[in-house]
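Here is a short walk through one protein model, from the overall fold down to a few residues. Have the sequence and the coordinates open as you read.

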Amino acid sequence: MSKIVILVGSVRRGGNTALLAQAFADGAKENNEVEIISVADYKVNPCIGCDTCFNRDGNKCFIQDDMQKIYPKLAEADMIVIASPVYFYGISAQLKAVIDRLHTPLRNSFKVSRLALLLVAGAGLNTVFDSIKMQYQQILKFFGLEDAGQVLVNGVREKGAIAGHTALKEAFELGKTIKES
């Protein structure tokens, strides 16, 4: 049984991103342990690039905030799912802060081997996901991680607009395909 951590980057509780992440989680729960971490529940400051974590005992960040609660959860994960609304062709600032705080040698102790990507955009443009997908591919390549799958849905702006959308079934089915690494 794999341990999956889903990082939900929306601060809008019960919104489209949360619903898509929950659909994935529901599918994955049959064969895996799944935890959803919503950035709305944590106060994480951005990385300031000081690199002091490279020289501190245990590679600890000097910024003392809720990231200290998230690091252990990510360290135990076999797979991480990035779930975010798309804002100006990027992931949410709150989720970006969490990801940027992984600029630490501490991440080298993590056992993560796979990533998945769930994105929701209000815009209907076909290119709305391109910049995020490029970053995602670079992260996979740099860390030698497997792409476990992607569900990208556009044109769902209003809260709850994703209800009944085929992307929910697609996310559920993707979750079901996740087996032990």
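In which strand is the place of valine 151? Valine 151 sits in β5. Keep in mind throughout that this is a predicted model.

**Valine 151 and its surroundings**

Valine 151 is buried, at a relative accessible area of 1%. Leave out residues up to four places away in sequence, and valine 151 still touches Leu20, Leu117, Leu118, Leu119, Ala167, Glu170, Ala171 and Leu174. Alanine 116 makes a handy distance check: it is 35 residues from valine 151 in sequence, with 8.4 Å between the two C-alpha atoms.

**The overall picture**

Zooming out, the protein has 5 helices and 5 strands. Along the sequence they follow the pattern β-α-β-α-β-α-β-α-β-α. The radius of gyration is 16 Å, close to the 16 Å that the globule rule gives for 181 residues, so the protein is as compact as a globular protein of that length. If you want a box, the C-alpha atoms fill one of roughly 50 × 35 × 30 Å along the principal axes.

Buried residues make up 45% of the 181 residues. Among contacts with a separation of 6 or more, 79% are between residues 24 or more positions apart. On the outside, the protein exposes about 9100 Å², and carbon and sulfur atoms supply 53% of that.

**Helix α1**

Helix α1 covers residues 16–28. Its 13 residues should span 18 Å at 1.5 Å a residue, and the end C-alpha atoms are indeed 18 Å apart, so the two values agree. The buried residues in α1 are Asn16, Thr17, Leu20, Ala21, Ala23, Phe24, Ala25, Gly27 and Ala28. What covers them includes the strands β1 (2–8), β2 (32–38), β3 (79–85), β4 (114–120) and β5 (146–153), along with helix α5 (166–177).

**Two nonpolar cores**

The largest nonpolar core holds 32 residues, and Leu7, Met67, Leu74 and Ile80 touch the most other members. Elements giving two or more residues to this core are β1, α2, β3, α3, β4 and α4 (130–143). Helix α2 supplies the largest share, 4 residues. There is also a second, separate core of 26 residues, which includes Val8, Ala23, Phe24 and Leu174.

Met67 is worth a closer look. Methionine 67 belongs to helix α2, which runs over residues 67–76. Is methionine 67 buried or exposed? Methionine 67 is buried, with a relative accessible area of 0%. Setting aside neighbours within four places in sequence, its contacts are Lys43, Val44, Leu74, Val98, Arg101 and Leu102. The last of these, leucine 102, is 35 residues from methionine 67 in sequence and 9.5 Å away in space, C-alpha to C-alpha.

**Cysteines**

How many disulfides does the count come to? The count is 0. Cysteine 50 and cysteine 53 show the reasoning. For cysteine 50, the closest cysteine sulfur is in cysteine 61, at 6.3 Å, and that is too far for a bond because a disulfide needs the sulfur atoms within 2.5 Å. For cysteine 53, the closest cysteine sulfur is also in cysteine 61 and also 6.3 Å away, so it is too far for a bond. As for exposure, cysteine 50 counts as partly exposed at 38% relative accessibility, while cysteine 53 is buried at 9%.

**Positive phi away from glycine**

Most residues other than glycine have a negative phi. Here are two that go the other way, with their places and accessibilities.

| Residue | Phi | Place | Relative accessible area |
|---|---|---|---|
| Asparagine 59 | about 55 degrees | loop between β2 and α2 | 22%, partly exposed |
| Phenylalanine 88 | about 50 degrees | loop between β3 and α3 (93–100) | 84%, exposed |

Asparagine 59 has its positive phi in the loop between β2 and α2. Phenylalanine 88 has its own in the loop between β3 and α3, and its relative accessible area of 84% makes it an exposed residue.

Note on methods:
Residues are numbered from 1 along each chain as its sequence is written. This is a predicted model: local features need pLDDT of at least 70, side-chain atom pairs count only at pLDDT 80 or more; totals for chains, interfaces and linings use all residues. Side-chain values use heavy atoms; hydrogens and water are left out. Buried means under 20% relative accessible area, exposed over 50%, partly exposed in between (1.4 Å probe, protein chains only). Contact means heavy atoms within 4.5 Å. The expected span of a helix is 1.5 Å times one less than its number of residues. The radius of gyration is taken over C-alpha atoms; the globule rule is 2.2 Å times the number of residues to the power 0.38. Accessible areas come from the Shrake-Rupley method with a 1.4 Å probe; for residues, only the protein chains shown count as cover. A nonpolar core is a set of buried Ala, Val, Leu, Ile, Met, Phe, Trp, Tyr and Cys residues joined through side-chain atoms within 4.5 Å.
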